[in-house]
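Okay, thanks for coming, everyone. I'd like to walk you through a structure that's probably new to most of you, so let's put it up on the screen.

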Amino acid sequence: MKEKLFATVILAVIMFYVLPGLAAAETDIPKLTTTKPPFTEGIFPCSSCHASMPPNKEKRVLAFHPDIQLKHGGNWCLDCHDSANRDMLHLANGDLIPFDKVYQMCGQCHGNIYRDWKTGIHGKRTGYWNGDKTYYLCVNCHNPHSPKFKPIKPLPVPAKPLEIMKVKSTVPVVIEEKKLYIPEYDKANDKANEKANEKDKSSHK
Amino acid sequence: MRRRDFIKSAAIGLGGLLIPADKSDASMWERFFQKYFREMTSEEKKTVAKKLEKDYQDKTGVAINVRTTDSQPGVKFGYGLDLSRCIGCRRCIYACVTENNLSRKPQVQYITVLEFKNGEKWVSDLEESRKYYNHELVPEPGHFYMPVQCQQCANPPCVKVCPTKATWREPDGIVAIDYDWCIGCRYCMAACPYGARKFNWAEPTVPPDQFNPNTHYLGNRPKAKGHVEKCTFCIQRTRENPGKYPACVEICPVGARKFGNLLDPESEVSRCIETKRVFRLKEELNTNPSFFYFFS
């Protein structure tokens, strides 16, 4: 009897002191934060307009959201947005999720990409390689309404070996809140570059 | 006077003549007798870093911090680059130029982004690639892109040829250069099969207001004419604890660049190597790079 009591006490000690200790140790794991979804300014919370509007499930041109071009499979707004709670999204099983957990939504169809995103192979992370990281959300790079990555303007061509002294100045450009310094070439050089590029193109066609 | 004394005093006298009278202060002597970085004790490293900080302050007018952080135990840096994502936007090139205080004029850039037409000769033979592509928008349809920078080889050909041992491989896998030990012979540039090493053909210039003041002795501290330099995986960022990602990783708009510890099975690079199709550039040359290209 005494032994049983002793065992129970030991078990209680383990449960109340040791286990929470283990859980506390887990907080040493680097923190994971995500970026914020890129809402158009003033658009969120959606309920500020939609609360007083009855849901309309018909496929139609949206008068208030003309910038939204839906090119994402056969989806329609309410497949992802919730008609009852406008400030949330809903998964296929009906669970509501906030906008900054959108990866759960995307992962329903893009499971292989979701798996890669969780291990850091797909997508972008910033912060510390051996510390706290910020994970970019799917919607930071892909517009959820037309997710194909849009072409962007490249930064200036590097100078050719004989033209490395023909840099007039370097000017700042701000990309993702980071200041980069890009070269401005002498005009004559620009033209020469263009010519060379055309030549380059024609020789490879 | 004995013959031996004569030679001694003559040598000292001649030695004194070699140093110009107007510059022969104590710092000149210190600079002349500055030790090889790998032979310095940590105290000496600190002293030299202090002196360099003062030199750079005088030269550029910017308060520059020179660190000499050693490599961390249990760390081997690895880099992953997803060729199925890269769009050739060149943001990495200029993030690198800005972070590493690379000379603006003459232009020095560590990263080269190559463009290939789909189906072109590739990897073992880069002769069809274009470095000076100039499109309005990228990616150009029907093309793909491959950035090349220092591959931080485990068997680096550049280190073997250096006549002054100015370049070597650090325990964390970074191939480093002691710029003050470099004589500018450019043997390493000839030996490198990746064209990763760059030469300062003229006195490098960086406008003072564009200077990144956080530097490392083996990394982005100001260089001089005649120094060879190259990518160091942003040693000034990655050697810290916690260490930031390299600048090129942080700027990549498509998340094609991965960085981490190869000895940590949970790191992004290890995960890529484990689960994706990976190759290393010119692997047949037995350079054993720490830079892994992959397709996701």
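**Chain B, its sheet, and where it meets chain A**

Let's start with chain B: of its 296 residues, 44% are buried. Keep in mind as we go that this is a predicted model. Along the principal axes, the C-alpha atoms of chain B fit a box of roughly 80 × 40 × 35 Å. In terms of secondary structure, you've got 9 helices and 12 strands in chain B. And if you take the contacts in chain B between residues at least 6 apart in sequence, 65% of those join residues at least 24 apart.

Now, the sheet I want to show you. It's an open one in chain B, made of 4 strands in the order S10-S2-S12-S11, and the pairing is mixed. Which strands stand at the edges? Those are S10 and S11 of chain B; each has a single partner strand, so one side of each has no neighbour in the sheet. Going from one strand to the next, the twist averages 30°.

Zoom in on one pair. S2 of chain B, residues 77–82, runs antiparallel to S10(B), and 5 bridges join them. If you want a spot to click on, try B:Tyr79, whose bridge partner in S10(B) is B:Phe259. Then there's a helix to look at: H9(B) lies across S2, S10, S11 and S12 of chain B, and it runs at about 110° to S10(B).

Okay, on to the two chains together. How many residues does each chain bring to the contact? It's 49 from chain B and 40 from chain A. On the chain B side, the elements giving two or more residues are H4 (91–99), H8 (247–251), S10 (257–261) and H9 (268–275). H4(B) gives the most, with 6 residues. By class, that side of chain B has 21 nonpolar, 15 polar and 13 charged residues. So S10(B) and H9(B) turn up here again, after we met them in the sheet part.

Last bit: some backbone oddities. As a general point, most residues other than glycine have a negative phi, and most peptide bonds are trans. Here are some exceptions.

In chain B, B:Asn101 isn't a glycine, yet it has a positive phi of about 50°. You'll find B:Asn101 in the loop between H4 and S3 of chain B. Is B:Asn101 buried or exposed? It has 26 C-beta neighbours inside 10 Å, so it counts as buried. Then look at B:Asn286, also not a glycine, with a positive phi of about 60°. B:Asn286 sits in the loop between S11 and S12 of chain B, and with 10 other C-beta atoms within 10 Å, it is exposed.

There are cis peptide bonds too. One joins B:Val138 and B:Pro139, with omega about 0°, and B:Pro139 is in the loop between S3 (112–117) and S4 (143–148) of chain B. Over in chain A, a cis bond joins A:Phe44 and A:Pro45, again with omega about 0°. A:Pro45 is in the loop between S1 (32–34) and H2 of chain A.

And while we're at H2 of chain A, residues 47–50, have a look at A:His50, which is part of that helix. A:His50 is partly exposed, with 16 other C-beta atoms within 10 Å. Its C-alpha atom is 9.0 Å from that of A:Ser83, and the two residues are 33 apart along the chain.

That's my tour, so over to you.

Terms used. Residues numbered from 1 in each chain as written. Chains lettered and ligands numbered in written order. Predicted model: local features only at pLDDT ≥ 70, side-chain atom pairs only at ≥ 80, totals over all residues. Contact = placed C-beta atoms within 7 Å. Nonpolar A, V, L, I, M, F, W, Y, C, P; charged D, E, K, R; others polar. Pairing = 2+ DSSP bridges. Axes fitted to C-alpha atoms, helices over the stretch in contact; angles between N-to-C directions. Buried ≥ 20, exposed ≤ 12 C-beta atoms within 10 Å, placed from the backbone.
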